[in-house]
Amino acid sequence: MKRTDGELILFWCLPAIAIIWVSAFFLFPGFLHPMSPTMSADAVAAFYRDETARIRYSMILFNWFGVGLIPTVILLAMQVRRMAHRTPILSYSLISCAGGPPCLFLIANLFWLLGSFRPERAPELTQLLNDLAWVTFTVLVPFLIAQCVLLALAIYWDHQEQPVFKMWVAHFNILVAVALAPAAFTALTFTGPLAWDGLLSFWVKNIAIFVWIVVMGIVLGQTIRQQRAEEPVAA
Amino acid sequence: MTNLQESTEQAERKPARFVPGQPDMWVFVLFESLLFTGYFSVYLIGRIQNRDLYLHAQADLDLRFGIFNTIALLLSSWAIARCVQASREGAYRDALRDAFLTIGFGVAFLVSKVIEWTKEIRLGNTFTSNEFFQHFFFLTSIHLLHLLIGFIVMGVAVYQLWSPARRSQQLVETCATYWHTVDFLWVLIFALLYVVR
Amino acid sequence: MTGTFNKRLAIVWLVLTLMTLAYIWLDHSADDDGVYRASTVVTVAAILIALVKVRIIFREFMEVRHAPALLRRLTDAWVALMAVCLLGSYFIGSALAG
Amino acid sequence: MSSPLSRLAWNFRHNPKRELWFAWWMMDIFYQLYDVLFFFVTRVQPPASPAWSTPMVLQWFDTRHYGILAGFGVVFLISGLCAPMNALLAYSMRRMSVSRVFGYSYLIMYSLSAIPGMLVMAIAMTVGALRPDRNPEMIHWLFDFAFLSFSGTMGVFMIGSLVWLVAILIDKNGVFPKWFGYLGLCNALTEVVVAPAWIFQRGVFAWNGAIAWWINMVVFVTYTVCFIVLLRKMIEREDFGDGVLPDLPPKVERSQPDSVGAMR
């Protein structure tokens with residue numbers, strides 16, 4: 001028995017789940033093009049009436065697989081544990097962050113599903129659910145930002161001959177954290193890049209999350225493989 | 001090992017001044033009594049602003065329950081004080097008996113409290129009935145919660161007294177200090193809820 | 001030794017219980033044929049008796065009598081603080097209520 | 001090593017306690033920002049009254065419109081700071097002579113608590129302020145939702161404090177003084193005292209009441225200040241062993257190259 005047994009299984013779940021996320025993303029009619037916050041209550045209600053089926057099926061998919069990011073973050077936390085730190089503070093911090101984004105996303109997911117459950121209700125109620133869903137979805141960044149910053153810090157502090165991750169991974173994580181930050185302020189405006197369908201709050205934020213998953217997935221895969229190549233010799 | 005040291009130290013220091021139990025518990029005692037003083041002040045101020053309502057509602061309380069409960073807790077406090085003395089003298093059998101007496105009087109308080117609550121609820125006086133009973137049920141139940149925690153604390157005391165391997169006099173005294181706190185808080189609650197006009 | 005301690009504790013308990021029973025008389029003195037009447041005297045007396053009981057519990061049961069001066073002064077200060085807070089909120093409240 | 005800035009940079013990279021100090025500072029900054037954001041920027045604390053009529057609630061939102069939207073924006077940006085804070089608290093339990101179960105349980109409970117205890121409130125307030133022309137009753141509902149989720153999230157904090165207090169009381173390494181453990185009981189009880197906020201719309205037990213809010217706040221602030229100070233002491237005393245945590249050396253010996261002192 002090795003302590004890394006099964007890590008590869010969890011790791012290879014990531015691309016499979018990512019494919020499901022991407023398909024659900026395209027299936028949800030409100031993401032392409034993103035619904036505008038300026039839509040009137042009647043327009044929102046009509047949207048939920050007309051697109052009920054696609055909203056429901058895409059959100060059920062998200063509900064099933066939204067938490068799929070957690071094993072990846074924990075895999076990263078396990079790598080942080082191998083770094084040349086004196087305390088497990090940073091891996092604890094990453095574990096502490098892991099549940100946050102999926103949990104917030106599930107709240108948003110719940111409001112979308114509720115919205116499409118009885119689309120014939122009063123339009124203002126559907127609009128309320130839609131607002132709650134979009135605000136929650138857009139501002140779910142705090143723990144993602146913390147994850148990136150903590151991981152970057154962990155890498156900067158990993159002073160050893162063969163660091164677990166290369167330095168550029170840290171810089172990359174800082175960049176992603178910066179890209180995610182503007183989305184926190186989405187509620188300030190209904191139009192422009194900050195609005196929840198805008199350039200910063202929607203496109204930059206979601207592309208940053210996507211790129212982060214792809215890049216960190218590849219880095220993590222290489223690191224795990226390297227670790228497995230080294231460990232039998234050590235054991 | 002440390003327990004032994006502690007108890008011999010305690011015996012030697014007896015003529016000198018000493019803090020019973022962990023001094024740390026006194027932080028709790030003082031902080032908690034401050035907190036309850038806050039609750040009581042809020043209650044008294046509310047009472048004065050709506051005197052007739054409070055007097056009218058208060059008439060539904062039965063002083064006998066209050067008296068019985070106070071005496072039950074005073075008895076339990078007496079028992080735990082004797083328990084501390086006995087354990088200090090090394091009479092652990094007596095100490096254990098007194099500890100169980102303490103728990104017994106505590107249970108008597110608990111039962112009588114539940115009967116009183118049932119009676120009040122039957123009369124139609126619930127937590128949401130009026131302002132007086134809000135305070136009544138709040139203060140009595142937060143105090144009862146302290147009593148329930150007290151049972152856990154007494155469990156620690158009994159556990160310490162039970163085996164010769166443990167018997168930390170300091171822990172027994174700390175537990176006693178907690179239990180007396182439950183007692184004196186009730187003395188105040190009793191006066192404020194039942195007697196104050 | 002144990003004997004004297006236990007005797008003292010018994011007396012303390014007796015005093016506390018008698019003070020509790022005094023409340024019955026206090027309680028009846030306030031009423032007017034079962035109708036409750038507001039009474040400053042009863043209120044102040046009830047609070048003061050309770051605080052004296054608290055101080056006795058501190059000194060005797062909780063053994064503050066034998067404690068270092070700091071703890072003795074601190075507990076006395078606390079009883080005084082409680083008295084100030086309780087009577088203060090009663091009288092200030094009365095003054096405000098008019 | 002001359003200017004304070006280069007000393008800070010050196011400490012940031014090489015101080016053996018850099019991770020602990022990092023977490024401690026993040027905790028400190030989190031609470032400072034928390035006060036400023038909740039009390040001065042958004043002005044949602046001290047809480048509004050649950051007894052208010054709908055027009056008053058609308059007016060309340062109206063006077064705070066940009067404060068809420070911008071202030072909670074910052075809250076969304078920085079609430080990830082709780083992660084290092086929870087990690088530090090979990091680490092304090094790891095340093096004790098108790099099972100790892102305590103640290104991990106606390107870590108998970110407190111990372112869970114941030115969402116119902118703070119972020120849901122921020123989201124509800126944001127949506128409430130988002131469209132002033134929304135149906136007033138719905139704004140009133142969002143107002144209730146926000147305050148009740150904030151005050152009424154009880155169990156995670158209560159059980160969390162209890163886990164910590166049990167760890168402190170049975171710890172033999174002296175990581176925390178026992179009185180702080182007993183204070184944890186007072187803090188756990190405030191979560192019991194706040195429960196009537198779910199029942200009353202006015203009076204001392206309502207979510208803005210003298211007992212359910214003000215007295216509880218005093219306890220919470222006392223508790224928080226105590227653990228911030230005590231964690232700092234813990235980091236200063238930390239020797240990275242697994243036995244009894246040594247006491248601080250007397251202050252005179254500080255003339256030696258003391259990297260910990262320089263960090264502060």
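Helix H10(D) gives the largest share of the lining of the largest cavity: seven residues. This is a predicted model, and the cavity is a good place to start reading it. The space inside comes to about 650 Å³. A search of the whole structure finds seven cavities of 30 Å³ or more.

What lines the largest cavity? The lining is made of 28 residues. Nearest the centre lie Tyr34(D), Phe150(D), Phe157(D), Glu191(D) and Phe220(D). Find these five in chain D, and you have found the middle of the cavity.

Now look at the helices of chain D around that space. Helix H10 (210–237) is one of those that supply at least two residues each to the lining. Helices H2 (18–41) and H5 (82–94) also do so. So do H6 (100–130) and H7 (136–151). Helices H8 (155–170) and H9 (178–193) complete the group. By class, the lining has 20 nonpolar residues, seven polar ones and one charged one.

Next, turn to how the chains meet. Three pairs of chains touch. Which pair has the most contacts? That pair is chains B and C. Chain A touches neither of these two: no contact joins chain A to chain B, and none joins chain A to chain C. The nearest C-alpha atoms of chains A and B are 29 Å apart. For chains A and C, the closest C-alpha atoms lie 40 Å apart.

Stay with chains B and C. Their contact takes 50 residues from chain B and 53 residues from chain C. The area buried between the two chains is about 4600 Å². Carbon and sulfur atoms give 75% of that area. On the side of chain C, three residues stand out: Trp13(C), Tyr36(C) and Met62(C) supply 15% of the area that chain C buries against chain B, more than any other three residues.

What about charges across this interface? One salt bridge is found there. Arg88(B) forms a salt bridge with Glu63(C), and their closest N and O atoms are 2.8 Å apart. Between chain C and chain B, eight residue pairs are in polar contact, with both residues at pLDDT 80 or more.

Which helices build the side of chain C that touches chain B? Helix H1 (2–30), helix H2 (40–61) and helix H3 (69–97) of chain C each supply at least two residues. The largest share, 15 residues, comes from H1(C). By class, this side of chain C has 35 nonpolar, eleven polar and seven charged residues.

Note on methods: Residues are numbered from 1 along each chain as its sequence is written. Chains are lettered from A and ligands numbered from 1 in the order in which they are written. This is a predicted model: local features need pLDDT of at least 70, side-chain atom pairs count only at pLDDT 80 or more; totals for chains, interfaces and linings use all residues. Side-chain values use heavy atoms; hydrogens and water are left out. On a 1 Å grid over the protein atoms alone, a cavity is a set of points where a 1.4 Å probe fits but cannot get out, and a pocket is an open set with protein on both sides within 12 Å along at least five of seven lines; lining residues have an atom within 4 Å of a point. Grid points are joined across faces, edges and corners, and a volume is the space filled by probe spheres set on the points. Helices (H or I, at least four residues) and strands (E, at least two) are DSSP runs, numbered from the N terminus. Ala, Val, Leu, Ile, Met, Phe, Trp, Tyr, Cys and Pro count as nonpolar, Asp, Glu, Lys and Arg as charged, and the others, Gly among them, as polar. Contact means heavy atoms within 4.5 Å. Buried area is the accessible area (1.4 Å probe) that two parts lose on being put together, summed over both. A salt bridge is a side-chain nitrogen of Lys or Arg within 4 Å of a carboxyl oxygen of Asp or Glu. A polar contact is a pair of N or O atoms within 3.5 Å; within protein, one must be able to donate a hydrogen and the other to accept it, and residues adjacent in sequence count only if both atoms are side-chain atoms.
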